[in-house]
Amino acid sequence: MRLADTGYTKEEIMGLVEKYMIDTYERFPMIAERAKDMYIYDEKGEAYLDFYAGIAVNSAGNCNEKVVAAVKDQVEDVMHTFNYPYTIPQALLAEKICTTIGMDKIFFQNSGTEANEAMIKMARKYGVEKYGPQRYNIVTAKNSFHGRSYGSMSATGQPDNGCQIGFNPIVPGFVYAEFNNLEAFKAAVTENTIAIMVEPVQGEGGVHPATQEFMEGLRKLCDEKNMLLLLDEVQTGWCRTGAVMSYMNYGVKPDIVSMAKAMGGGMPIGAICATAEVAKAFTPGSHGTTFGGHPVSCAASLAEIGELLDRDLAGNARKMGSYFMEKLKGLPHLKEVRGQGLLVGVEFDDSVSATEVKHKCFDKKLLITAIGSSTIRMVPPLIVTEEDCDKAVSIIREAVEELTA
């Protein structure tokens, strides 16, 4: 829908949002009317270089033609049926995902937080049924982020900062240990621990990749203690980090992995994949969803994943991620550049506010996000080119220089 077709002004549309919607987002003063490939266009038709991709969602480009066509085709056939009948997009997508990432079973959800909720439930049910009623504890990482529903929020290792504040009591059974500290995780494990749950790259925690030693150590620890390794790949999955799934960068395999964001190409969808043994924990009635496995979202996902794989966008993420991070190292007031593939964080020294950089970049027609007080995060579509990266670095440099002049 375009502004010109509504009879409203830009200010009136913004006013409707302020009047009727519950305010939990810091919005940019623009109306996103159209998007294509690396750009989002506002109500005036002005182009913004998109380096957040709907927060790591539009990985094959904004409004990818094959994804759009798949959505249109499916809408004309079946839009929604619930999960009693079989649907073709769901069946084909299940096969595509499981065979691509080497997992046995899949359960479809609507989002990343729901996928993590399902992963937590499956792990706990598996532990209780296999080992007894006390075997349900899960160790997660400090500064992690797993979602905003009660289970995933409780798994998030930020009790004093962010999404847990004001929502106590949280779900019991979660213990937090320092990320990339294998000894800390070992110390947090007890006889009642059934799983370890981490992100291969902490996104909301400041873009911190796991080390090889840490990931290998967690897998070994889980094997030794008869525990499950749960990997949250909601943001890192589907080619973002230079491999189809980030765990493939480390040569480890989880017992359950969650995914969402990029797998839908812009349509809401999430999922967990599990080994056949662990998946037995879910039986009829133990878990369910009205919209999970939605035919339109599955059709979009099938097209998006096809694009990501056929165009080797994981390879482009490796190449462009390396190029981009090297260019970013020349920014003024820089403390550190971190990332994996095209999940990139830039931390500035205390003289620079990340939020101010974000807004200054918006003024210069570049879309990025900020994490905390000092770090900006960039997750562009994986079709990004060197020219796009150069343009983004130039705008960020200008923004920082103007803010510190």
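Which residues of strand β17 lie on one side, which lie on the other, and are they buried or exposed? In this predicted model, β17 spans residues 375-378 and is covered on both faces. Thr375 and Arg377 lie on one side. Ile376 and Met378 lie on the other. All four are buried.

Strand β17 has two pairing partners described here, β14 and β16. Strand β14 comprises residues 343-348. Its pairing with β17 is antiparallel and runs over four bridges. Within this pairing, Arg377 of β17 has Gly345 opposite. Strand β16 covers residues 369-371. It also pairs with β17 in the antiparallel sense, over three bridges. Here Thr375 of β17 stands opposite Ile371. Strands β16 and β17 form a hairpin, with three residues between them. In the turn, Gly372 has a positive phi of about 65°.

Two residues of β17, Ile376 and Met378, are in contact with Ile396. Ile396 belongs to helix α13. It counts as buried because its relative accessibility is 0%, the cut-off being under 20%. With neighbours within four places in sequence left aside, its other contacts are Leu328, Leu331, Phe348, Cys361 and Leu366. Thr140 serves as a distant reference point: Ile396 and Thr140 are separated by 256 residues in sequence and by 34 Å in space, C-alpha to C-alpha.

Helix α13 (residues 386-404) packs against helix α12 (residues 354-363). The two axes come within 9 Å and cross at roughly 120°. At that angle α12 is oblique to α13, because it falls outside the ranges for roughly parallel, roughly antiparallel and roughly perpendicular. The crossing of α12 and α13 is right-handed. From α12, the contact involves Glu356, Val357, Lys360 and Cys361. From α13, it involves Ile395, Ile396, Ala399, Val400, Glu402 and Leu403. Seven of the contact residues are nonpolar and three are charged; none is polar.

Helix α11 (residues 313-328) also packs with α13. Their axes are 10 Å apart, at an angle of about 25°. Helix α11 is therefore roughly parallel to α13, as angles under 35 degrees count as such. This crossing, too, is right-handed. Helix α11 contributes Met320, Tyr323, Phe324, Lys327 and Leu328 to the contact. Helix α13 contributes Glu386, Cys389, Asp390, Ala392, Val393 and Ile396. By class, eight residues of the contact are nonpolar, three are charged and none is polar.

Ile396 thus takes part in the contact of α13 with α12 and in that with α11.

Notes:
Residues numbered from 1 in each chain as written. Predicted model: local features only at pLDDT ≥ 70, side-chain atom pairs only at ≥ 80, totals over all residues. Heavy atoms only, no water. Buried < 20%, exposed > 50% of the residue type's maximum accessible area, 1.4 Å probe, protein only. Pairing = 2+ DSSP bridges. Axes fitted to C-alpha atoms, helices over the stretch in contact; angles between N-to-C directions. Parallel < 35°, antiparallel > 145°, perpendicular 65-115°, else oblique. Left-handed = near helix turned anticlockwise from the far one by under 90°. Contact = heavy atoms within 4.5 Å. Nonpolar A, V, L, I, M, F, W, Y, C, P; charged D, E, K, R; others polar.
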